[in-house]
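Thanks, everyone; I would like to take a few minutes on how the domains of each chain meet. Please have the sequence and the model open while I talk.

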Amino acid sequence: MKVAKRWLPFLLIVCLLAGCAGAPEQAAAGGSAAAPQQSGSAPAAPAPDGAKVLNVGRMAELFDMDSTIATEADCLEVIEAIIEPLFVTAADGTPTPAMCESYEMNDDGTLYTFHIRSQANWMNGVPVTAHDFVYAWRRLVDPVTASEYSFMMEVAAVKNATACITGEKPLEDLGVRAEDDKTLVVELDRPVTYFLNLMAFPSFCPINEAYATEKGSEYALGADNLLCCGPFYMSAWDVGGNTYQIRKNPTYWDAENVKLDEINFQIIKDPQQTMLAYESGDLDYVRLSGDQIVKYETMDGFTRIEEGYLWYLSPNLNPKSPEYSTGLENENLRKAIALSYDKDAICFEILQDGSTPADFAIPNKLAIGPDGKDFRETTGTYLTTDKAKAKEYWETAKSELGVSEVNIELLYDDSDSTPLIAQFLQSEIENNLQGVHISLKAQPKKSRTQLMQDREYQLGLTRWGPDYADPMTYLDMWTTGSTYNYGEWSNEEYDKLIADANGALATDPAARWEALKKAEALVMEHAVILPVYQKGTAAMVRPGISGLAFFPVGVGTIYKDVDVTF
Amino acid sequence: MLKYVLKRILISVVTVLVILAVLFTMLHSMPGSPFNDEKITAVQRANLEAKYGLDKPLPVQFYNYLKAMLAGDFGISYVIQKNMPISELLRARIPVSIRIGIQSVLLGMVIGLILGIIAALKRNSFLDTFATVVSVIGVSFPSYVFAMAMSYFIGFRLGWLPLLYSTTDAARSTIMPTISLCMFSLATVARFARTEMVEVMGSDYMLLADSKGITTLRLLGVHGLRNALIPIITVLAPLTVELMTGSLVVEQIFAIPGIGSLLVSAIQFNDYNVVLAVIFIYSIMFISVMLIVDILYGIIDPRIRLAKEEKR
């Protein structure tokens, strides 16, 4: 008894250590046993010698693999690699037929007929049919799915998309139908010139109805619950794991042109550790965080990537109440502010992350016109920093407004480097324009956008990310009545240009392109928004990797064409 | 004793409920929602909220949550692994966190005790100074500093151990995380052990025991260590907390798919149910440690138990 009593404390300590959580042996066993169970058909076997393997670093978990629900860039990339949509984006940014062999469009561009590849099969041997697209598209707009990307169907102007999303019309009324197994017919409300670009977006991928119905709520949760028809298939994806893997799909219709045998994705959230793993050879392709760019820009493999995000100042031109009235309704004051801040300093001294000064409303490398050139190549620059000229505008503004000074509150969010930029803008504007006083108001991002959507702000620092590769993804914002026309600018000529580009001119690409250029010029000439910079980032790509293209919109990277020589 | 334990368990249950209620309210009053895309329309948002039951009043939501939770259903993830039951997420992620947690507590306790006892026995010697230096470093540097230093020198420069956690090489890939996590407990235990042992060694009963001629091992183990253990057990609870908070960062660094890194992501992406579930587990762990520590006191030193019983 005495002995037992003596050892009891030690025993209890051991129990405590084990008991606060569970038996360690069990834990270890659980950890390794969970992997094969949850992952795909052949996850454990390593790639044979000589196989072409790419190891990719990722900053976040793979959130979702259901193409009708996924929104994260990482997920969209993987979905596009394993389930092929009608079109894919080629390296030069143009859409090329993928799951569809050919297509026809009617004269006014409102009816598309796609012919699905006859030799395209799902991995279980079932042919990919037009019905798979109809099912997936209806699923995307179904209020029960509650997809965050259902608006893509509205962007594509597929007939009755809005009514289906709100539940006003049954899903059968959506403008998509299967004429026969291999013929898909899509009806649009109006012609959409970038419709084929949109068809490369993963939200429009097919889903096999029989398979998805059989899996029910389990569909797309884990590698065993995915049916693939793309260049790769999901070979491993552990629930809650830190890795996932895709392998070459031998049943893919174009398998002979898929070069990689295997792509391993490793989730590492620590940027420093990511670079150690790259340098030690564990990873071949990783994204850099903003503050790492200066350090690694001279290293072999450093690759700059231009993103489609534009950061800009949005002045409130039409305040709802006098509280938000500042004099910004005066065009000359807006121009004075736009020309006062040094954009180079913001990009190359503060951010140093590959961002570039923006003297435009439509970012670089966003859209290619009917002439085959980038939109920016054939358009001018606007609102370039010119502090002397800014002072002149300010003098004019003062006499027009009849004031000697103005007080403006700058609203911004407290994420990343935004506060630094807001402070810099404040000092630049105040130093250059005597009598302009800027006060700062920081808010969490969500509240900041809410305030701007409610028009309860004076001057806001905000950003916009493109949804599709056309200038319209930006220009549509500044039409009268648009939710994102934060400053409530209204211009008849502009509205007409946009309406024409969406309607009458939609079948005349060259004329439409000119209308879009004019529209951008109007926005800039009236200083509706004051551009600051276009976001940039960078990646390390091991020399020996080829075919890796980066797109500022839609799917960031397409793996089908990637090859490695190491 | 039984009555005392039952009372403590009851208090623990209430505490967990209060923690959950406060957290639930806090999470839901935070700016932002799991659906953060500024581009989604009011209709889409309404659809989403209806789908996940977020359109109901907060008390109703909490009631529904509690009801499901008591039945073992933690709900589904809204963001991190969309629509995946959280119990499955946890089942996959808890084992590795626990494994590393237990390894580091054990390692920290054992090495800390040894270091502390040696320091106390060889007072003012080189070993004592060494132990003090280790303690100071261990207490003052956060675990991620060790993690980063080790991964740079041992993982990257020397290439002895894997930089990143791998399920196929789990044993080796938990070595660096374990060491970096155990440094704080190691240092704390060493410090307390030394102080207590010095005091105990100088006490009358030790002199008496020594004069009876028992072996040094028995003297230290039975008479010395037992008395020195009380304050060490006291620090066990704060050490567990330190382990949990440390694991948040260390798991990120070594890419360990545990619940620490899960919590960080969940907070980042407003994944309410995941945050609640992980905090719930952390609270249970912490409260159980406190409970066991209290019971341990009573066993190691009956005076404490008596004092508590007399009060009642």
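In chain B, 13 residues of domain 1 are in contact with 14 residues of domain 2, where contact requires that the C-beta atoms of two residues, placed from the backbone, lie within 7 Å. I should say at once that this is a predicted model, in which local features need pLDDT of at least 70 and side-chain atom pairs count only at pLDDT 80 or more, while totals for chains, interfaces and linings use all residues. Residues are numbered from 1 along each chain as its sequence is written, with chains lettered from A and ligands numbered from 1 in the order in which they are written.

Which elements of chain B give two or more residues to the side of domain 1 that touches domain 2? They are helix 11 (259–268) and helix 12 (272–300), helices being DSSP runs of H or I with at least four residues, numbered from the N terminus. Helix 12 of chain B gives the most to that side, with nine residues. By class, this side of domain 1 of chain B has 11 nonpolar residues, one polar and one charged, where Ala, Val, Leu, Ile, Met, Phe, Trp, Tyr, Cys and Pro count as nonpolar, Asp, Glu, Lys and Arg as charged, and the others, Gly among them, as polar.

As for the bounds, which come from an automatic or database domain assignment, domain 1 of chain B covers 1–79 + 261–312 and domain 2 covers 95–257, and 30 Å separate their centres, taken over C-alpha atoms.

Turning to chain A, domain 1 is 3–267 + 542–564 and domain 2 is 308–536, with their C-alpha centres 36 Å apart. The contact there takes 15 residues from domain 1 of chain A and 16 residues from domain 2 of chain A; on the domain 1 side, the residues divide into seven nonpolar, six polar and two charged.
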